[in-house]
Amino acid sequence: MNDSKSPTRCAGAPRDRANGRRVMLWSIGWATTMLLASAAISFDQFGDGTVAFIAAGVSLIFGAGTVGAYRQFLNETDELRQKVELEALAVAFGFGVVGGMAYAQISRALGLGDPRLAIVIAGMLIVHAIGVAVGMRRYA
Amino acid sequence: MKNRLKVLRAERDWTQAQLAAELEVSRQTVNALETGKFDPSLPLAFRIARLFQMRVEEVFQDEEL
């Protein structure tokens with residue numbers, strides 16, 4: 001190994017940071033456009049729905065961009081990180097399906113009204129973040 | 001799966017960060033490989049063997065054998 005090759009030659013970390021930043025920017029864009037779309041739907045409820053339709057479409061584009069950016073992050077990241085992400089995604093998916101169904105049944109049983117999808121999605125995101133943190137710690 | 005990564009790295013006086021840079025993985029991955037917490041993919045195993053100019057089976061051994 002040539003000593004002149006410093007650890008900065010490692011393509012993993014800077015590439016991961018750049019890809020991670022891209023995921024974050026797309027996510028912020030998606031969250032922002034989703035809030036704007038929700039507001040547009042509320043304000044446009046007596047209109048013909050054109051504004052709400054366009055706002056929802058823009059949000060969908062940002063959502064697709066977020067998924068694409070995350071997919072790129074997963075494909076280009078280090079293989080240990082891929083394993084950590086896969087395990088975290090599995091737990092988050094399980095939480096979404098099992099927890100979401102339980103939440104829906106409890107909501108109906110207790111007469112709390114329709115379950116809110118946003119709560120399930122927020123829960124999945126939190127579980128995924130915890131799963132990544134636990135995985136990174138486990139392999140540290 | 002057992003491996004001789006830590007010994008081979010120490011023989012060459014390389015740090016985990018230097019080895020990680022050569023293999024284009026994170027230092028955490030090198031550490032996880034050395035401690036046996038993580039088994040590499042076949043392409044990474046071959047990259048490791050190539051770096052140490054050895055055969056894969058000289059670096060990695062199946063524990064069940």
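Is Arg81(A) buried, partly exposed or exposed? Select Arg81(A) in your viewer and keep that question in mind while we set up.

**Before you click**

This is a predicted model, where local features need pLDDT of at least 70 and side-chain atom pairs count only at pLDDT 80 or more, while totals for chains, interfaces and linings use all residues. Residues are numbered from 1 along each chain as its sequence is written, chains are lettered from A and ligands numbered from 1 in the order in which they are written, and side-chain values use heavy atoms, with hydrogens and water left out.

**Stop 1: Arg81(A) and its partner**

Back to the opening question: Arg81(A) counts as partly exposed because its relative accessibility is 23%. Here, buried means under 20% relative accessible area, exposed means over 50%, and partly exposed is in between (1.4 Å probe, protein chains only).

Now add Glu85(A) to your selection. The two side chains form a salt bridge, 2.9 Å from N to O. That term stands for a side-chain nitrogen of Lys or Arg within 4 Å of a carboxyl oxygen of Asp or Glu. Both residues sit in helix H3 (residues 79-109) of chain A, and because they are four residues apart, about one helical turn separates them. Helices, by the way, are DSSP runs (H or I, at least four residues), strands are runs of E (at least two), and the numbering goes from the N terminus.

**Stop 2: stay on Glu85(A)**

How much of Glu85(A) is accessible? Glu85(A) has a relative accessible area of 2%, so this residue is buried. Next, select His128(A), which you'll find in helix H4 of chain A. The side chains of His128(A) and Glu85(A) make a polar contact at 3.0 Å. A polar contact is a pair of N or O atoms within 3.5 Å; within protein, one must be able to donate a hydrogen and the other to accept it, and residues adjacent in sequence count only if both atoms are side-chain atoms. His128(A) is buried too, because its relative accessible area is 17%.

Want to try your distance tool? From Glu85(A) to Gly63(A), C-alpha to C-alpha, you should get 19 Å, for a pair 22 residues apart in sequence.

**Stop 3: a charged network**

Select Lys83(A), Glu87(A) and Arg138(A) together: salt bridges link these residues in a network. Zoom in on Glu87(A) and Arg138(A), whose closest N and O atoms are 3.0 Å apart. Glu87(A) belongs to helix H3 of chain A and Arg138(A) to helix H4 (residues 117-138) of chain A, so this pair ties together parts that are 51 residues apart in sequence. Glu87(A) is partly exposed at 27% relative accessibility, and Arg138(A) is partly exposed at 46%. Over all chains, the whole structure has seven salt bridges.

**Stop 4: a charge without a bridge**

Jump to Asp16(A) in helix H1 (residues 12-43) of chain A. Which side chain of opposite charge is nearest to Asp16(A)? That would be Arg15(A), 4.8 Å away, and the buried Asp16(A) has no salt bridge. For charges, Lys and Arg count as positive and Asp and Glu as negative, with His and the chain ends not counted. The side chain of Asp16(A) does make a polar contact with the side chain of Thr77(A), at 2.8 Å.

**Stop 5: a nonpolar patch**

Select Phe93(A), Val97(A), Val98(A) and Met101(A), which make a nonpolar surface patch of about 420 Å². Patches are made of residues with over 30% relative accessible area and no salt bridge; like charges are joined within 9 Å, and nonpolar side chains (Val, Leu, Ile, Met, Phe, Trp, Tyr) within 5 Å. Areas come from the Shrake-Rupley method with a 1.4 Å probe, and for residues only the protein chains shown count as cover. Val98(A), in helix H3 of chain A, is exposed at 60% relative accessibility.

**Stop 6: over to chain B**

Try Asp13(B), in the loop between helix H1 (5-11) and helix H2 (16-23) of chain B. Asp13(B) has a positive phi of about 60° although it is not a glycine. Most residues other than glycine have a negative phi. Asp13(B) is exposed, at 68% relative accessibility.

Glu24(B), in the loop between H2 and H3 of chain B, also has a positive phi, near 60°. Glu24(B) is partly exposed at 39%.

Last selection: Asp39(B), Asp62(B), Glu63(B) and Glu64(B) form a negative surface patch, where the place of a charge is taken as NZ of Lys, CZ of Arg, CG of Asp or CD of Glu. Asp39(B) lies in the loop between helix H3 (27-34) and helix H4 (42-51) of chain B.
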